[in-house]
Amino acid sequence: MTLPSLSSLEAAADQVHRVIPPTPQICWPLLCARAGAEVWIKHENHTPVGAFKVRGGVLYMQELRRRQPDVAGVIAATRGNHGQSVAFAAKRAGLRSVIVVPHGNGREKNAAMRALGAELVEHGRDFQESYEHAIQLADERRLHMVHSFDDTLLPGVASCTLELFRAVPAIDTLYVPIGMGSGVCAAIAVREALGLKTEIVGVVAARARAYALSFAAGRPVESPVGETIADGMACRVPDPAAIEIILKGAARIVTVEEEEIQAAMRHLFSDTHNVAEGAGAAPLAALIKERDQMQGRRVALILTGGNVDRDVFARILTAE
């Protein structure tokens, strides 16, 4: 897969910004003290759907309408944020959307997708089973399948990191959580296009190690997924194109435990009064894990989303 050029990334960002305002990047003093580094948070929890994915969805639907003006509708599989992105962008483009989620998916994410006009289908025990069912439904209903990782999504998603790198110069290290890989691959694309030296570090949950195992093996490796608070990172089968980009452009992948993710969710609320879902808090968990080697450096974290159910978040906040 060829990474997009700077001109195409800038053109994509211009299209995204017509719908999605740039999100803030803030250096929070309490987080800096906690990490022993200059820490910048990119607040993707401030988008209209509370997550970064919507950037890619907006651009994707524009391109889909241009390429297939007679498309009947779209379908996607998700644990929540990709589905909200697809539903939001499809509604804006005047398209029907069908979203497939696994049983037991977050109630509030499901409610948000329905509120955006999506038909919600519950199927399977994990994301992979939902994804396979979505492919089947796409064929049966003649719907266009929107994959979680796609080269048309990437330039829109990349507008996040483009904003960050242009607002905060000379970032030493950027931590990005990995679900299916669009966020970290977009960050690599922007870093390369701008000619920067920033090291990009992927983050995975200990109960969803597929991308970490794939990085270590140098090839896609399927891995079972356990129950994790970071449902946005619960990938069992990695995308080969994403693995190719990550192998070439990421410095390393850090694996974080459930307790570390939940502690990071608490720290983000205490230190910034922002709500982070598990995947959104994982970069902070990785930074704290690598605190000694990050001392005195300028570090950025992508807080990819804040879509966590209220009862779950309340339980985590009071667990300390």
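## A pair of valines in the six-stranded sheet

Valine 203 stands opposite valine 254, a residue of strand 9. Since you are new to this structure, please keep in mind from the start that it is a predicted model. The two strands involved here are strand 8 (residues 199–205) and strand 9, and they pair in the parallel sense over 5 bridges. Helix 9 (residues 182–194) packs on the sheet, where it touches strand 7 (173–177) and strand 8. The direction of helix 9 makes about 180 degrees with that of strand 8.

Now for the sheet as a whole. It is an open sheet of 6 strands with mixed pairing, and the strand order is 1-2-10-7-8-9. Strand 1 and strand 9 (252–256) stand at the edges; each has a single partner strand, so one side of each is left without a neighbour in the sheet. On average, neighbouring strands of this sheet are turned by 25 degrees against each other, with direction ignored.

## The other end of that sheet

Where does the mixed pairing show itself? Strand 1 (residues 25–27) and strand 2 (residues 38–43) pair in the antiparallel sense, over 3 bridges. Strand 2 and strand 10 (residues 298–303), on the other hand, pair in the parallel sense over 6 bridges.

Individual residues help you find these pairings in the model. Glutamine 25 has lysine 42 of strand 2 as its bridge partner. Tryptophan 40 stands opposite alanine 300, which belongs to strand 10. As a general point, side chains in a regular strand alternate between the two faces of the sheet.

## A sheet of four strands

There is also an open sheet of 4 strands, with the order 5-4-3-6 and parallel pairing. Its edges are strand 5 (119–122) and strand 6 (144–145), each with a single partner strand, so one side of each is left without a neighbour in the sheet.

Strand 3 (residues 73–77) pairs with strand 6 in the parallel sense over 2 bridges. Within that pairing, the bridge partner of valine 74 is histidine 144 in strand 6. Helix 4 (residues 81–93) packs on the sheet and touches strand 3 and strand 4 (96–101). The direction of helix 4 makes about 170 degrees with that of strand 3.

## Two helices that cross

Next, look at helix 12 (residues 258–272) and helix 14 (residues 310–317): their axes come within 9 Å and cross at roughly 90 degrees. That angle makes helix 12 roughly perpendicular to helix 14.

Which residues make the contact? From helix 12 they are Gln262, Met265, Arg266 and Phe269, and from helix 14 they are Phe313, Ile316 and Leu317. Sorted by class, the contact has 5 nonpolar, 1 polar and 1 charged residues.

## Aromatic pairs

How many aromatic pairs does the structure hold? There are 2 aromatic pairs. In one of them, the rings of phenylalanine 127 and tyrosine 131 have centres 6.0 Å apart and planes at 25 degrees, so the pair is stacked. Phenylalanine 127 and tyrosine 131 are 4 residues apart in helix 6 (residues 127–141), so about one helical turn separates them. Phenylalanine 127 is buried, at a relative accessible area of 8%, while tyrosine 131 counts as partly exposed at 22% relative accessibility.

Another pair brings us back to the crossing helices. The rings of phenylalanine 269 and phenylalanine 313 have centres 5.8 Å apart and planes at 80 degrees, so this pair is edge-to-face. The pair links distant parts of the chain, as phenylalanine 269 in helix 12 and phenylalanine 313 in helix 14 are 44 residues apart. Is phenylalanine 313 buried or exposed? At 8% relative accessibility, phenylalanine 313 counts as buried, whereas phenylalanine 269 is partly exposed with a relative accessible area of 30%.

## A buried glycine in a loop

To finish the tour, find glycine 50 in the loop between strand 2 and helix 3 (54–67). Glycine 50 counts as buried, because its relative accessibility is 9% and buried means under 20%.

What does glycine 50 touch, leaving aside its neighbours within four places in sequence? Its contacts are Glu44, Asn45, Thr304, Gly305, Gly306 and Asn307. The C-alpha atoms of glycine 50 and alanine 276 are separated by 9.6 Å, and along the chain these residues are 226 residues apart.

Definitions and conventions. Residues numbered from 1 in each chain as written. Predicted model: local features only at pLDDT ≥ 70, side-chain atom pairs only at ≥ 80, totals over all residues. Heavy atoms only, no water. Axes fitted to C-alpha atoms, helices over the stretch in contact; angles between N-to-C directions. Parallel < 35°, antiparallel > 145°, perpendicular 65-115°, else oblique. Contact = heavy atoms within 4.5 Å. Nonpolar A, V, L, I, M, F, W, Y, C, P; charged D, E, K, R; others polar. Pairing = 2+ DSSP bridges. Phe/Tyr/Trp six-rings, centres within 6.5 Å; stacked < 30°, edge-to-face > 60°. Buried < 20%, exposed > 50% of the residue type's maximum accessible area, 1.4 Å probe, protein only.
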